[in-house]
Amino acid sequence: MPCVSTCGNLYVRDTHIAPKRHGTHSHVACHGGMDTIMIIDVHTHLSTREQWGKAFGEVMDSGVSGHASMDLEVTPERHWKAVGPASRAIVFGINSIALGMHTPDEAIADYAAAHPEKIIGFMSVDPNSPEPLAQIDRGIDMGLKGIKMSPVYQHYDPNGDEARKVHERAERLGLVILTHAAFHCIARTPMQWANPLHYDRVARDFPELKIILAHIGLPWHTDAMVMIRKHANVFADISGGVLYRPWWGYQALAECHENSVMHKLLFGSDFPLCTIQQTIEALRGVNRFAAGTGMPCIPDDQIEDLIHRDALSLLGLT
Ligand SMILES: [Zn+2]
C-alpha cells in the first residue's frame, strides 16, 4: 500500500510548524496571552568557532562530515534568532580535553539567564577533567539544568569510574544527561564507547537518571530503540539524523513506531547543524521512502506528536 498523505497543515505566524488538524490539543500552549504552538528543541549548541576546537572545525571543513561550509560561529544573537520558532530550547556547549573543545559554562548560563522564559542551559562536563563534581556544583549555582556529555568527544567509557561519579551526582541532583550516543567522523574519536547499549548498565545502576540519547543512536538506531523501550527514564532525540541521514532516520522512526516507543522520541534540531524548520520538514518527509512500497509508514499524527512533544514535562524540567 502506498503511503497516503493527510497533509492539511495550519499556518501560524508565517511558519509552517503548526500541528495537523488531527493532532492533540495538548500541543497548543499559551504564552504571554498569545497562542503559540509548542515546539521544544532539546538539542542546540552555543559556541564560537574557536570554542568548537580545531579537530571539529577541520572535519567540518573537510567535507568528510557532509557539513562543509557549515557556519559554526553561534553567538547568543544568532542562537536567539534560530530558536525563534521554538517555545523552549535547551542549549549547551561542548567541553572536551581530548579534542580541545571548550565553551565556558558561564557563557551558557549568562545566555540562559537573559532569556529565562525560553532558554534552558546545560553545562558540559568532561569526566576526564580534574574536578567534574565541583564543576557540576558550580553549574547548579549558575542555574544550569542538565549536563551535555559525549564519550565520543570526551574519550571516556560510559561505565568507567569517572563517568559513574558524574552519573551518580546527576541522578542525585535531578540533572538531565544529554549524551552523544552515535557515530562521529573525527578519526580519533573512540567508537567503542559510542553505542547506545552502553547506557543499559548506566540506566540499571541509576534508574532515576533522565538520559537523552542524542541523534537516536545513528547508526545504532535499533540499539537506541531498545534502550528507550526498556528504560522508563531513557529517551532519544532525533536531531541531525533525519535530515542528513534520511534513510537511517526513516528506519529509526519505523522501528520506534513498530515497537510502540514513538512517545520516547524528543524533538531536537542540533542547531547550527540543522535548523528547526529543516528538521520539521525532514520529519514530515520521512515517509517518502515507503511510498509505493510495502514498507511501513509512520502515521502523520505520530510525526506531529513528536514535533510538538512536551519534552520538558517528560524530563522533569518544567
Ligand atoms: Zn549536537
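## A tour from Pro219

Start by selecting Pro219, which sits in the loop between strand E8 (211–214) and helix H9. Helices (H or I, at least four residues) and strands (E, at least two) are DSSP runs, numbered from the N terminus. The model is a predicted one: local features need pLDDT of at least 70, side-chain atom pairs count only at pLDDT 80 or more, and totals for chains, interfaces and linings use all residues. Residue numbers start from 1 along each chain, following its sequence as written.

**The E8–H9 loop**

Show the backbone between Leu218 and Pro219: this peptide bond is cis, with omega near 5°. In the same loop, between E8 and H9, select His215. Its phi is near 60°, a positive value in a residue that is not glycine. Most residues other than glycine have a negative phi, and most peptide bonds are trans.

Is His215 buried or exposed? His215 is buried, because 30 other C-beta atoms lie within 10 Å. The cut-offs are 20 or more other C-beta atoms within 10 Å of a residue's own for buried, 12 or fewer for exposed, and partly exposed in between, with C-beta atoms placed from the backbone.

**The core**

Now select Ile212 and Leu213. In the largest nonpolar core, which has 89 residues, these two touch the most other members. Helix H11 (residues 246–258) supplies the largest share of this core, five residues. A nonpolar core here is a set of buried Ala, Val, Leu, Ile, Met, Phe, Trp, Tyr and Cys residues joined through C-beta atoms within 7 Å.

Colour the contacts of Ile212, leaving out residues up to four places away in sequence: Val42, Val176, Ile177, Leu178, Phe235, Ala236, Asp237 and Leu266. A contact means that the two C-beta atoms, placed from the backbone, lie within 7 Å.

Zoom out to the whole protein chain. The chain holds 14 helices and ten strands, and 48% of its 318 residues are buried. Of its contacts with a separation of 6 or more, 73% join residues 24 or more positions apart.

**H9 against H11**

Select H9 (residues 221–230) together with H11; their axes come within 9 Å and cross at roughly 30°. H9 is therefore roughly parallel to H11. Axes are lines fitted to C-alpha atoms, for helices over the stretch in contact, and angles run from 0 to 180 degrees between N-to-C directions. Angles under 35 degrees count as roughly parallel, over 145 as roughly antiparallel, 65 to 115 as roughly perpendicular and the rest as oblique.

The crossing of H9 and H11 is right-handed, the near helix being turned clockwise from the far one by less than a right angle (anticlockwise would be left-handed). Which residues meet here? From H9 they are His221, Thr222 and Met225; from H11 they are Trp248, Gln251, Ala252, Glu255 and Cys256.

**Past the end of H11**

Move on to the loop between H11 and E10, where Ser260 is found. Ser260 has a positive phi of about 60° although it is not a glycine. Ser260 is exposed, because 9 other C-beta atoms lie within 10 Å.

Met262 belongs to the loop between H11 and strand E10 (265–266) as well. With 19 other C-beta atoms within 10 Å, Met262 is partly exposed. Beyond its neighbours within four places in sequence, Met262 is in contact with Cys256, His257, Gln302 and Leu306. Draw a distance from Met262 to Gln302: their C-alpha atoms are separated by 7.1 Å, with their positions 40 residues apart along the chain.

**H12 against H13**

Next, follow the chain to the loop between E10 and H12 and select Pro272. The peptide bond from Phe271 to Pro272 is cis, with omega near 15°.

Helices H12 (residues 276–284) and H13 (residues 300–307) pack at an angle of about 160°, with axes 10 Å apart. H12 is therefore roughly antiparallel to H13. Their crossing is right-handed. Ile280, Leu283 and Arg284 in H12 meet Ile303, Leu306 and Ile307 in H13.

**H5, seen end on**

Finally, select helix H5 (residues 132–141), whose buried residues are Pro132, Ile136 and Gly139. Looking down the axis of H5, these buried residues fall within an arc of 60°, so they line one face of the helix. The arc is that of the directions from the helix axis to the C-beta atoms. On the face turned away from the buried side, H5 carries the exposed residues Ala134, Asp137 and Asp141.

What do the buried residues of H5 pack against? They pack against helix H4 (105–114), strand E5 (119–124) and helix H7 (161–173). End at Gly143, which follows H5 and has a positive phi, near 90°.
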